[in-house]
Amino acid sequence: MKAVDVTDRVYPNDMDPFDSYRITLKPHAHLHYSYAIREGCMNIELSDYLLDAPDAVLRDTCKAVVSWAVRGKFRAPQSLIDFIHSDKFIVGKRPLYLERSRTVTMDQQGQFKNILDSVERLRESGLIFDDDIRNSFFSWVEHMAKYKFGQCNQLFRVVTVNPVLDSEEVPDFVLDYVVYHEILHLRQDSTKNRRPHNAQFKSWEHQFPMYEQAEFYLRNFYR
Ligand SMILES: [Zn+2]
């Protein structure tokens, strides 16, 4: 998708103090907000994931960008937060996100291991709850940074796992632990996510029965 000019959808507004505004939606893999000011005109660039957003959401978001330019801090407006956390948004835009993430295989079944088996074991052992994994998507990826074993996109509720763990030699509990860690990110309130590995997170993580062994295994993975 190319850039879409949505300036007309946002006007009329009360977005002082700039003379004029131009608002475009552009394709990005992640939700994205940026601005540039040229000769009194403020160019606001938002992600094209917001194309179907109500005009009010676009307007509130643009106002937040303006106040970011003036006061130096971007604070997502509540209407935007509500919109992007709706199941409709997640289900509707996740395919686009997955397509843009490129390395995602779209498969839970690897050569040797199925991520959903881990999810099931975690659920059966009472470590995770249905609500933790509601409207979520799991997949192997083609490759991931060497010392990263899993990743979670909280916005689109996507958990991906490093293919080095798709091996007969890797004990199931290690994969379970990695998947558990990422599911805990799904459990977190992503709107208050300054420090994802906070004390609350760590206490959840320590509930994993073989926590020490799994951490030890991963720390020494390449030795
Ligand atoms: Zn983490």
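## Working through the fold and the zinc site

K146 is partly exposed, at a relative accessible area of 46%. Keep in mind throughout that this is a predicted model.

**Exercise 1. Find where K146 sits, and say which residues it contacts beyond its neighbours within four places in sequence.**

Start with the location: K146 belongs to the loop between β5 (137-140) and β6. Next, sort out its exposure. The partly exposed class runs from 20% to 50% relative accessible area, so a value of 46% puts K146 in that class. Now look for partners. Once the neighbours within four places are set aside, K146 touches N162 and Y222. Finally, check the spacing of one pair: K146 and Y222 are 76 residues apart along the chain, yet 9.1 Å separates their C-alpha atoms.

**Exercise 2. Work out how β6 and β7 pair, and which residue between them has a positive phi.**

First, the pairing: β6 (residues 150-153) and β7 (residues 158-161) are antiparallel and share four bridges. For a landmark, pick Q151, which faces T160 in β7. Then follow the chain round the hairpin, where four residues lie between the strands. One of the residues to click on here is R157, with a positive phi near 55°.

**Exercise 3. Lay out the four-stranded sheet and decide which strands stand at its edges.**

Step one is the order. The sheet is open, its pairing is mixed, and the strands go β1-β2-β4-β3. Step two follows from that: β1 (4-5) and β3 (33-38) each have a single partner strand, so each has one side without a neighbour in the sheet. Step three takes you inward, to β2 (residues 20-26) and β4 (residues 41-47), which run parallel and are joined by seven bridges. A handy marker for this pair is R22, opposite N43 in β4. Last, add the helix: α2 (residues 55-71) lies across β2, β3 and β4, at about 125° to β4.

**Exercise 4. Describe how α5 and α6 cross, and what kinds of residue make the contact.**

Begin with the axes. Those of α5 (residues 115-124) and α6 (residues 172-187) come within 9 Å and cross at roughly 80°. That angle falls between 65 and 115 degrees, so α5 is roughly perpendicular to α6. Now list who takes part:

- from α5: I115, S118, V119, R121 and L122
- from α6: D172, L175, D176, V179, Y180 and I183

Sorted by class, that gives seven nonpolar, one polar and three charged residues.

**Exercise 5. Identify the protein donors of the zinc ion and say how they are placed along the chain.**

First, pick out the donor atoms: NE2 of H181, of H185 and of H197, at 2.0 to 2.1 Å from the zinc ion. In sequence, they follow the spacing H-x3-H-x11-H. Then place the ends of that pattern: H181 is in helix α6, while H197 is in the loop between α6 and α7 (199-205), 16 residues apart. Now compare accessibility. H181 has 16% relative accessibility and counts as buried, because the cut-off for buried is under 20%. H197, at 41%, is partly exposed.

**Exercise 6. Sum up the whole chain in a few values.**

Count the elements to begin with: eight helices and seven strands. For overall dimensions, the C-alpha atoms fill a box of roughly 60 × 35 × 35 Å along the principal axes. As for burial, 45% of the 223 residues count as buried. To finish, take the contacts between residues at least 6 apart in sequence: 56% of these join residues at least 24 apart.

How values were computed: Residues are numbered from 1 along each chain as its sequence is written. This is a predicted model: local features need pLDDT of at least 70, side-chain atom pairs count only at pLDDT 80 or more; totals for chains, interfaces and linings use all residues. Side-chain values use heavy atoms; hydrogens and water are left out. Two strands pair if DSSP finds at least two bridges between them. Helices (H or I, at least four residues) and strands (E, at least two) are DSSP runs, numbered from the N terminus. Contact means heavy atoms within 4.5 Å. Axes are lines fitted to C-alpha atoms, for helices over the stretch in contact, and angles run from 0 to 180 degrees between N-to-C directions. Angles under 35 degrees count as roughly parallel, over 145 as roughly antiparallel, 65 to 115 as roughly perpendicular and the rest as oblique. Ala, Val, Leu, Ile, Met, Phe, Trp, Tyr, Cys and Pro count as nonpolar, Asp, Glu, Lys and Arg as charged, and the others, Gly among them, as polar. Donors are N, O and S atoms within 2.8 Å of the metal (3.2 Å for Na, K and Ca); water is not among the atoms, so sites may look incomplete. Buried means under 20% relative accessible area, exposed over 50%, partly exposed in between (1.4 Å probe, protein chains only).
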